[in-house]
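Here's a quick tour for the bench: aromatic contacts, then a strand, then a helix. Have the viewer open as you read.

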Amino acid sequence: MTCREAQVNPPGGWRTWLFQGGRGAGKTRAGAEWVRWKAIRGAGRIALVGPTLHDVREVMIHGESGLLAIEPETGWRPVYHASRRMLEYTNGARAYVFSAEDPDSLRGPQFDAAWCDELAAWRYAEAAWDMLQMALRLGADPRALVTTTPRPTALMRRLHAAPDTVVTLGTTRENASHLAPGFLSAMEAAYGGTRLGRQELEGRIVEDPEGALFLRSRIDEARIAIVPALWDVVVAVDPPATSGETADACGIIAAGRAGNDAYVLGDASAQGLRPLDWAGRAVALVRRVGAREVIAEANQGGEMVRQVLETAGCPVPVRLVNARLSKRARALPVATLYEQGRVHHAGQLGALEDEMCAFGADGFTGSPDRVDALVWAVWALMLDDAVLGVRQL
């Protein structure tokens, strides 16, 4: 087996190794090889932490570069016990599965080592990381490896600033020989030189661009882990005009209100879905958050939007709204609420936040479907009709 220098365990007395790289940069393989090495060297208890339990199982364990696939010796290959969420090696070393969606699950155990994958996408990143740090207390030298495509989150900044963190950078191009033919050239043609390309291909943290309406620093400052008792909850839908792989995404955002503040609870947005499919996602979110009503933009479809949601089994009233102002003009009052610290995100909402922090900046392209749905939801909870130039249907 050959590897690049970036994928090799770095020297020194670090506590956290942050391997920050682009898509397909070989981060997962580096993480799996590091865990294998730690198990061979005597680490008895290892934590495997991903954005969700599904991510840990399908990427870190069963993936093409996961722990089961990389083991060259049949007799040394670990066994995954799904019912116990545990991977067991023949020498007795065990790796336990955890989701960053449940930080408290890390409150009781203790470990010699931890592999944390896609940390920038963790929903409750700071809480999960803090619980993990307190659990890294076994052996003579407990350490953690973080493998992630970066986002400028508060925890990523914190790790970069920590004196006991060593940072390794990797790009997609450096691992091109292990990727599908034509993938890199297609990605560079589409995203080369853009903010998204610098983040997703070069693996670099890209701060808020000039002109963006929403600032990540403000979102981070107001982020919460525990949502208070809410007075009201709505789901907002910004439906696409067409369906299919090339269609715009359907923005689906849930938000609630308590006192003078709004709380963004979830993002079920998806791209390329048929009407009944996106309506089904909206209905599922309504049921999950206990929404009072659905706010749906009717510019692209009119009364048919209501009919599709009702056909999908929507259990609450559907209120159609028709915008008369531009997307930016509608978003401005909501951006003001963010500036005032009156809108709080419940955990990390990565795709929504990435779109928010690019919207309005020079070079932004595409349809801000998640932002549109967010604006409708916060407007319905916090703002008067006249502020946004909205006509109710």
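Searching the whole structure turns up six aromatic pairs. Keep in mind that this is a predicted model. Two of the pairs are set out below, including how their rings are arranged.

| Aromatic pair | Arrangement | Centre to centre | Angle between planes |
|---|---|---|---|
| Trp17 and Phe19 | stacked | 6.2 Å | 0° |
| Phe214 and Tyr338 | edge-to-face | 5.2 Å | 85° |

Why does the pair of Phe214 and Tyr338 tie together parts that are 124 residues apart in sequence? Phe214 sits in the loop between α6 (195–200) and α7 (216–222), while Tyr338 belongs to helix α10 (residues 327–339), so the contact links those two parts. Both Phe214 and Tyr338 are buried.

Back to the stacked pair: Trp17 and Phe19 are buried too. Together with Trp14 they make up one aromatic cluster. Trp14 has another neighbour to look at, since you'll find Arg143 lying over the face of its ring, 4.3 Å from the ring centre.

Arg143 takes us to strand β7, which spans residues 143–148. Are the residues of β7 buried or exposed? Six of its six residues are buried, and the strand counts as mostly covered. In a regular strand, side chains alternate between the two faces of the sheet. Here, Arg143, Leu145 and Thr147 point one way, with Ala144, Val146 and Thr148 pointing the other way.

Which strands pair with β7? One is β1 (residues 16–21), which runs parallel to β7 and is joined to it by five bridges. Within that pairing, Leu18 has Val146 as its bridge partner in β7. Another is β6 (residues 113–117), also parallel to β7 and also joined to it by five bridges. There, Trp115 is bridged to Leu145 of β7. To get from β6 to β7, the chain passes through helix α3 (residues 125–135), and this β-α-β crossover is right-handed.

Last stop: helix α11, residues 350–358. Why is α11 described as largely enclosed by the rest of the structure? Eight of its nine residues are buried, so little of the helix is left uncovered. The buried ones are Gly350, Leu352, Glu353, Asp354, Glu355, Met356, Cys357 and Ala358. Just after α11 comes Gly360, whose phi is positive, at about 95°.

Notes. Residues are numbered from 1 along each chain as its sequence is written. This is a predicted model: local features need pLDDT of at least 70, side-chain atom pairs count only at pLDDT 80 or more; totals for chains, interfaces and linings use all residues. Side-chain values use heavy atoms; hydrogens and water are left out. Buried means under 20% relative accessible area, exposed over 50%, partly exposed in between (1.4 Å probe, protein chains only). Helices (H or I, at least four residues) and strands (E, at least two) are DSSP runs, numbered from the N terminus. Two strands pair if DSSP finds at least two bridges between them. A crossover is right-handed if, with the strands pointing away from the viewer, the path from the first strand over the helix to the second runs clockwise. Rings of Phe, Tyr and Trp (its six-membered ring) pair if their centres lie within 6.5 Å; planes under 30 degrees apart count as stacked, over 60 as edge-to-face and the rest as tilted. A charge sits over a ring if NZ of Lys or CZ of Arg is within 6 Å of the ring centre and within 35 degrees of the ring normal.
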